[in-house]
Structure formats: C-alpha cells, structure tokens
Amino acid sequence: MGGSSAWGDASVIIPWNVYLHYGDVTILQQQFESMKGWADYIIKKDTDSGGRRLWTVGFHFGDWLSLDSSNPDSPFGGTDKDFIASAYYCYSTNIVAKAAKVLGQEAEAAYYERISKEIKVAIQEEFFTITGRLAIDTQTAYAVALFMDLVPKDYIDKVVEALRKRLKADRNHLKTGFVGTPYLNHVLTNHGCNDLAYTLLLNDDYPSWLYAVKLGATTIWERWNSVLPDGTISGTGMNSLNHYAYGAIVEWMYRCMAGINPVEEAPGFQRVELVPQPDNRLKWVKATVETASGTYRSGWEIDKEGRLDFTFDIPFNASARIRLPHAHLKDLEINGVTWEFTDITGEQLEEEVLLELFSGSYSISYSPTKSYLRIFSTKTPLIELLHHNEAAPLIRTMMSEQVKVNPDDLGASIGNSSLRDLAAFYSLPTHILDQMDERLSQIK
C-alpha cells in the first residue's frame with residue numbers, strides 16, 4: 001500500500017469539508033473508518049522509520065509543477081517533500097480528531113489530537129530555527145506553515161514578513177504548485193497582506209491566472225504556461241488544458257474578497273463569518289452562495305469619495321458575524337439609519353467593527369478610517385503605473401524625455417522597483433520626481 005501526501009490526504013480533507021459545508025454528520029459516520037485508516041497508515045510509516053513524528057519515507061509528489069525547483073526539468077517543486085508530508089501528517093490527524101469529537105468518540109479524539117500536537121512540535125524542531133526562521137525559503141513552505149498553524153506562536157509575524165520578502169524577490173508573482181497555490185492567497189489575506197493577495201490575482205503576465213485568461217483560456221490549465229505567449233501549446237508533458245488545482249483561487253474569492261465563510265461550530269452555513277476584504281483595484285464585488293441553510297449574498301463597492309458600501313443577505317433561521325474593516329461603530333449607516341438607532345449588536349475592535357446579524361437584507365456604509373482610494377506616486381511600483389491607462393502615458397513621456405529610456409523595454413528587470421528606487425541608477429532629478437508625484441496624485 002502506498003500514497004503521496006496531499007493526494008492521499010483527500011480521504012480525510014474531503015469528508016470534513018463536505019460536513020462543514022452541508023452540516024450532515026452522515027458523511028463523517030460513513031467515512032470515519034477510512035479517515036482513521038489514512039491517519040493510521042502515516043502513523044505506521046512514521047513508527048517504522050524511527051517514530052520521530054515526521055513523515056520522511058515513501059513517494060511524494062511534493063509541490064507538484066511549482067516554478068521554484070533548482071532543476072527546471074523536475075516536476076516535484078523546490079519545497080522539501082519531507083516538510084510537506086509532515087505538514088499534512090499534522091493537518092490530517094487534527095481533522096480526524098475533530099471528526100471524532102463530532103461523532104462523540106472522545107478517546108479517539110484525544111488520541112489523534114495528541115498525535116497531531118506531537119507532530120507540530122517535531123516539525124518546529126526540525127524545520128524552524130530557534131529564533132523562529134523557517135528553514136525552507138519558498139512561497140509554498142510559508143503558505144503551508146501558516147495555513148496549517150505550524151509556526152511557533154511568537155514568530156508568526158516574522159514568518160509573514162519572510163513571505164513578503166520571498167514574494168518581493170519573486171517579483172510578486174506565483175511560484176507555487178499544486179500544494180501551495182490553494183493556500184497562498186488565504187494566508188496573505190489573513191495575515192495582513194491583502195494587498196499582495198490582490199496583486200497575485202490581478203497579475204496578467206506569466207505566471208498568473210490572468211495570463212491564461214488573456215490567451216483565451218476558459219478552463220484552468222495544469223501548468224502556469226500550458227500555452228505559450230504566441231498561442232502555441234507548450235511542449236512539456238502532463239499538459240492538460242482542463243485541470244483543477246489552480247482553480248482553488250475561486251475559493252479565496254468567495255471567502256476573502258466577498259468574505260463568506262462557514263464556521264465549524266455551526267456546519268452547513270447555519271452561521272457564517274462575513275469578513276469581506278475590499279481593494280481599490282476592484283471597484284466592486286458581488287457573490288452569492290447557495291447553501292444547505294439558504295442563500296447568502298455579500299457585496300461591496302468603493303465610491304469615488306472612498307466610502308465603503310456593503311450589502312448582505314442572510315437566509316431565514318441563520319445568522320452571521322460580520323467584520324467591517326477600518327470602521328468606527330458610531331459612523332455606520334445601516335439600512336439608512338445610524339447604528340445607534342438599530343437593534344443590532346455591535347462591538348468596536350481596534351481596526352474593525354464586529355456586528356451580529358440575523359436573517360434579513362442589510363446595506364451598510366461608512367467612511368473608512370484608512371483610505372481605500374489608490375493614490376499613485378513615484379513610490380508606486382513602476383510595473384503598476386505602466387498597467388494604468390492614465391498613469392502609463394505620463395511615465396513613458398517622462399522617462400523618454402529625462403533618461404532616454406522606454407520603460408516598457410525594461411521588462412522583468414524592474415521587478416517591483418519604483419521610480420524612486422530607480423532614480424539613482426538613471427540620475428532622475430528629485431524635482432522631476434516631485435513634479436511627477438503631484439501629477440500622479442491627481443489620478444483616480
């Protein structure tokens with residue numbers, strides 16, 4: 001018997017997610033033995049190879065078809081396969097423990113929970129330094145470690161900052177494969193890097209989702225470059241034009257852009273967390289989810305003055321906890337009246353407002369405490385300015401006149417550098433940059 005991490009872990013992850021989304025405990029009752037069987041298989045592999053609470057034996061696909069391998073011909077990716085396998089070992093045993101609790105099997109729950117905690121400790125001892133630095137410097141390693149709660153608590157901020165640096169070194173473009181891609185944007189949004197998550201979504205050059213769209217794709221490809229820029233099919237093998245893995249970005253759109261999230265304590269969407277995350281690069285978002293409890297809708301819009309407008313529909317006999325970003329409770333207008341004149345329970349948190357809402361339709365608007373209007377300047381990455389219809393002509397004219405350079409010819413070499421970053425190299429005078437700041441700041 002054999003099985004690769006991530007692929008084999010579907011036997012645990014899928015039943016749990018079906019239960020979470022539909023609220024029917026039958027799926028766990030039917031599949032609990034197979035869920036335990038997979039966890040027990042890994043435990044035995046671990047025990048037979050030394051009992052270190054790490055999964056370091058057997059065949060694994062790794063971060064399949066990622067772009068960070070030191071060997072460009074290898075499909076296994078650049079993230080240590082023992083780390084990925086051990087991470088899933090921890091993740092799956094924890095899910096089995098949670099399923100056991102739902103089924104009232106307390107002894108089984110305690111056993112698998114203990115195993116999962118021991119694995120987490122072993123992973124931290126093996127793959128983290130004593131100062132909390134993750135020893136594997138890949139997008140996927142950071143995403144998996146953060147998503148699966150493997151990072152020592154005191155060093156989460158350090159690992160998030162390392163992920164930002166890794167992305168900057170990768171020109172804020174994807175390097176992830178089948179394992180890392182589903183988690184990356186979730187991790188970025190949930191750890192204060194929503195700007196980077198939107199950047200990855202909206203990139204339209206290789207490698208990105210919109211690269212494929214611009215080439216006419218109507219399905220998700222198996223590889224980031226299944227079709228080449230000239231429209232020809234890539235000559236590499238395993239090159240399906242209708243695959244599943246990278247389509248996981250749509251879950252992030254529903255969960256993070258629109259903010260519709262099921263909660264484990266009330267499976268089947270009896271209760272949800274609504275945590276929408278706006279970004280000015282998209283002026284509005286609308287999402288609808290048909291659930292076992294009814295239809296949820298969530299939408300937001302940023303108007304020209306920077307005011308945030310949200311709309312929510314919560315179905316009959318359901319409820320939602322809503323987190324409004326950069327809000328002040330007393331400034332909220334709900335269904336046309338200020339919050340004080342409603343019977344809605346609200347709590348002011350440090351940078352957001354928490355509301356408890358029940359069945360019904362709601363419109364909420366306010367002026368955020370942090371501006372959502374995008375203000376361009378010479379500190380904005382040059383690549384962003386060149387992708388903006390109004391900013392691009394200004395930049396092209398300025399650079400051709402001042403430094404005799406066509407910025408479009410710089411290509412990948414500029415990365416995420418700004419005009420200020422490039423000023424010394426091209427001898428751009430400060431007063432010219434200041435003039436550009438004034439003109440760029442007028443662009444909406």
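**Stop 1: Met 148**

Select Met 148 in this predicted model. You will find Met 148 in the loop between H5 and H6. Is Met 148 buried or exposed? With a relative accessible area of 6%, Met 148 is buried, because the cut-off for that label is under 20%. Now show what surrounds Met 148: leaving out residues up to four places away in sequence, Met 148 touches Ala 87, Tyr 88, Tyr 91 and Tyr 183. For a sense of distance, add Ile 42, which is 106 residues from Met 148 along the chain. The C-alpha atoms of Met 148 and Ile 42 are separated by 17 Å.

**Stop 2: helix H5**

Next, select residues 139-147, which make up helix H5. How many of the nine residues of H5 are buried? Eight of them are, so H5 is largely enclosed by the rest of the structure. To see the buried set, colour Gln 139, Thr 140, Ala 141, Tyr 142, Ala 143, Val 144, Ala 145 and Leu 146.

What covers these buried residues of H5? The cover includes three helices you can switch on in turn:

- helix H3, at 81-102;
- helix H6, at 156-169;
- helix H7, at 181-190.

Before leaving this helix, click on Asp 149, which follows H5 and has a positive phi, near 60°.

**Stop 3: the cysteines**

Now select Cys 90. Its relative accessibility is 6%, so Cys 90 counts as buried. If you are looking for disulfides, a search of the whole structure finds zero. Cys 193 makes a good example, being in no disulfide, with the nearest cysteine sulfur, that of Cys 256, 12 Å away. Cys 193 counts as buried too, at 3% relative accessibility.

**Stop 4: Arg 255**

Move on to helix H10, residues 249-257, and pick out Arg 255 within this helix. Is this arginine buried or exposed? Arg 255 has a relative accessible area of 17% and is buried; the cut-off for buried is under 20%. Show the contacts of Arg 255, setting aside neighbours within four places in sequence, and you should see Leu 20, His 21, His 186, Ile 260, Asn 261, Pro 262 and Val 275.

**Stop 5: Thr 291**

Select strand S3, residues 284-291, and zoom in on Thr 291. At 15% relative accessibility, Thr 291 counts as buried. Which backbone atoms does the side chain of Thr 291 reach? One is the backbone nitrogen of Ser 293, at 3.0 Å. Another is the backbone oxygen of Gly 294, at 2.7 Å. Beyond residues up to four places away in sequence, Thr 291 touches Gly 268, Phe 269 and Tyr 296.

**Stop 6: strand S9 and its partners**

Select S9, residues 352-366, together with strand S5, residues 308-325. The two run antiparallel and are joined by 14 bridges. To find one of the pairings, label Ser 319 and its bridge partner in S9, Phe 358.

Add strand S6, residues 333-334, which pairs with S9 in the antiparallel sense over two bridges. Here, Glu 333 has Ser 365 of S9 as its bridge partner.

Then bring in strand S8, residues 345-348, which is antiparallel to S9 and joined to S9 by four bridges. Thr 345 stands opposite Glu 356 in S9. How many residues lie between S8 and S9 in their hairpin? There are three.

While the strands are on screen, try showing side chains. In a regular strand the side chains alternate between the two faces of the sheet.

**Stop 7: the whole protein**

Finally, zoom out. Coloured by secondary structure, the protein has 14 helices and nine strands. Its C-alpha atoms fill a box of roughly 70 × 65 × 45 Å along the principal axes. The radius of gyration is 24 Å, which agrees with the value near 22 Å that a compact globule of 444 residues would have.

Switch to a surface view for the last look. The accessible surface comes to about 21200 Å², with 51% of it belonging to carbon and sulfur atoms. Of the 444 residues, 49% count as buried. Among contacts with a separation of 6 or more, 63% are between residues 24 or more positions apart.

Definitions and conventions. Residues are numbered from 1 along each chain as its sequence is written. This is a predicted model: local features need pLDDT of at least 70, side-chain atom pairs count only at pLDDT 80 or more; totals for chains, interfaces and linings use all residues. Side-chain values use heavy atoms; hydrogens and water are left out. Buried means under 20% relative accessible area, exposed over 50%, partly exposed in between (1.4 Å probe, protein chains only). A polar contact is a pair of N or O atoms within 3.5 Å; within protein, one must be able to donate a hydrogen and the other to accept it, and residues adjacent in sequence count only if both atoms are side-chain atoms. Contact means heavy atoms within 4.5 Å. Two strands pair if DSSP finds at least two bridges between them. A disulfide is a pair of cysteine sulfur atoms within 2.5 Å. The radius of gyration is taken over C-alpha atoms; the globule rule is 2.2 Å times the number of residues to the power 0.38. Accessible areas come from the Shrake-Rupley method with a 1.4 Å probe; for residues, only the protein chains shown count as cover.
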